[in-house]
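With the model open in your viewer, please follow the selections below in order, keeping the view turned so that each newly selected part faces you.

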Amino acid sequence: MIWNEHIECMDREQIEKLQSQRLCEMVERVYYNVPFYRKKMQVLGLEIGDIKGIEDLHKLPFTTKDDLRENYPFGMFAVPMSQVVRVHASSGTTGLPTVVGYTRNDLSNWSEIVARALYGAGVSKEDRIQNSYGYGLFTGGLGLHGGAEKVGATILPLSGGNTRKQIQSLVDFEPTAISCTPSYLLYLAETLKEEELLDKIKLRVAILGAEPWTENMRKEIEKQLNIKAIDIYGLSEIMGPGVSFECINQCGSHIAEDHFIPEIIDPKTLKPLPRGSEGELVFTTITKEALPLFRYRTKDLSSLIYETCECGRTSVRMTKITGRTDDMLIIRGVNVFPSQIESALLEIGETQPHYMIYVDRVNNLDTLEVWVEVDEKFFSDEIKQLEALTRKITKQIVNIIGISVKVKLVEPKTILRSEGKAKRVVDRRHI
Ligand code: DLL
């Protein structure tokens, strides 16, 4: 299913021509309207005319979350506030939130790209979609809402949390699709199972994102709910959900290249990496009016696929995010990503996909402990079984990350469930 064939199936030459034209227009708008960028360009000795197309993209300066914070709240907006019709903000768990703004055209483009995503996941006007992303300053709720409205699906705007209501809606209103974080959907699945309601729901597809999740997590969700689990990616600074999305082939997320130009850079040298390499994902917005950004460093790790997808879309695809540059734990000098641990745990099959990673420093030595929920039966049976499983999981994790780990098996429901983005790591080394 393709929402906008004209754009989504353009050949590379056409798409690059469009991107070049939009980039040049954007550079001019930004130069005259955003003093922060004008200064940066002047420091680099860059004039508007120096950017003639996407081949000159690398000349532009990078933008970081800190730049947005330093210009908090509206300092990087490129239009007067009278043209800003909506503001969103990131949660800001560390420091000031980053504030983003949208003009009427921005909102229209946003719902267009989310519509493409939903349609790509097989959602149409025949579907009922339960939108369980939080409504509010977070972009998830209203972002998905705009796209679902454009597709013409029937929206059930549940927002995040209130699991009782979510379950009631799943059973009574019979949605065929749901959008929420993967971790929250697992929680809903667990509750449905406990209440023996799994056969009372009509879900067929889930549109999941806003946090990293592994292929093994996908398998687990698909198995537990007997649905298709589709990835949707985005970040508020660039637009919100819909920057890229998976089609039903589930082989990388199609980037809305008519709105955003992707790059992969080495996070240390900041140099663009050769095609196909994994590195930090960087986006330049080319149609955004309220908050256009040059080369925004997402901190997300991925790689780009340039081949045309089986679905017929020609857009560049990004591989599943494997982690964030600031997510990476350095434990006794070894780089460890939470996604590696998740993958190892789910590979085993006997564990629940609920886990928590604790990092401590004891006598100047970093220690890693993983708590993982296992079925109740392991606690009622003889102790030997529990010990054997602990050994098996420890071995599996060590094989993948290469350093020692202490595994603690815990009873179901020990680990706090999340209603939005899951928190998987507690790093107590710097407390
Ligand atoms: O999480 C936007 C969103 C809402 C995306 C709903 C998808 C669905 P932020 O709160 O700004 O925006 O967080 C953005 O979340 O840089 C990634 O680290 C992470 N993220 C988002 N989608 C995915 C995904 C929204 N599909 C940050 N896979 C991003 C992995 C994701 N990580």
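## Where the two domains meet

Start by selecting the boundary between the domains of this predicted model, where 23 residues of domain 1 are in contact with 17 residues of domain 2. To colour the two parts, use the bounds of the domain assignment, which gives 1–324 for domain 1 and 329–427 for domain 2. The centres of domain 1 and domain 2, taken over C-alpha atoms, are separated by 30 Å. Between domain 1 and domain 2 an area of about 1,600 Å² is buried, and carbon and sulfur atoms give 52% of this area. Now select Glu190, Thr214 and Asn216, which together supply 27% of the area that domain 1 buries against domain 2, more than any other three residues.

Next, display the side chains of Glu194 and Lys413, which meet in a salt bridge with an N to O distance of 2.6 Å. The count of salt bridges between domain 1 and domain 2 is two, and the count of residue pairs in polar contact between domain 1 and domain 2, both residues being at pLDDT 80 or more, is 11. Which elements give two or more residues to the side of domain 1 that touches domain 2? They are α8 (182–194), α9 (215–225) and β15 (323–324), and α8 contributes the largest share of that side, six residues. If you colour the side of domain 1 that touches domain 2 by class, you will find eight nonpolar, 10 polar and five charged residues.

## Around the ligand

Move now to the ligand and select the 20 residues around it, of which Asp231, Ile232, Ser236, Asp300 and Lys421 come nearest. For the backbone, begin with Ile232, where a polar backbone atom is 2.7 Å from a nitrogen atom of the ligand. Then select Ala210, which has a backbone N or O atom 3.0 Å from a nitrogen atom of the ligand, and continue to Glu211, where a backbone N or O atom lies 3.4 Å from a nitrogen atom of the ligand.

## Glu222 in helix α9

Return to helix α9 and select Glu222, which has its place in that helix. Leaving aside residues up to four places away in sequence, Glu222 touches Ile227, Lys228, Ala229 and Gln250. With the side chain of Glu222 shown, look for its polar atom that lies 2.8 Å from the backbone nitrogen of Ala229. A C-alpha to C-alpha line drawn from Glu222 to Val205 spans 8.9 Å, although these residues are 17 residues apart along the chain.

## A salt bridge between two loops

A search of the whole structure finds 31 salt bridges, and one to select next is the pair of Asp127 and Arg204, whose closest N and O atoms are 2.6 Å apart. Asp127 lies in the loop between α5 (104–120) and β3 (128–131), and Arg204 in the loop between α8 and β6 (205–209), so the pair ties together parts of the chain that are 77 residues apart in sequence.

## Two backbone details

Which kind of peptide bond joins Tyr72 and Pro73? Turn on the backbone there and you will see a cis peptide bond, with omega at about -10°; Pro73 is found in the loop between α4 (65–70) and β1 (86–89). Then go to Arg295, which has a positive phi of about 40° although it is not a glycine, and whose place is in the loop between β11 (279–285) and β12 (296–302).

## Strand β21

Finish by selecting Val426, which is found in strand β21 (residues 425–427). Not counting residues up to four places away in sequence, Val426 touches Met356, Ile357, Tyr358 and Val359. As a last step, draw a line between the C-alpha atoms of Val426 and Asn4, which are 43 Å apart in space and 422 residues apart in sequence.

Technical notes. Residues numbered from 1 in each chain as written. Predicted model: local features only at pLDDT ≥ 70, side-chain atom pairs only at ≥ 80, totals over all residues. Heavy atoms only, no water. Domains from an automatic or database assignment. Contact = heavy atoms within 4.5 Å. Buried area = accessible area lost by both parts, 1.4 Å probe. Salt bridge = Lys/Arg side-chain N within 4 Å of Asp/Glu carboxyl O. Polar contact = N/O pair within 3.5 Å; in protein donor to acceptor, adjacent residues only side chain to side chain. Helix = DSSP H or I, 4+ residues; strand = E, 2+ residues; numbered from the N terminus. Nonpolar A, V, L, I, M, F, W, Y, C, P; charged D, E, K, R; others polar. Near = heavy atom within 4 Å.
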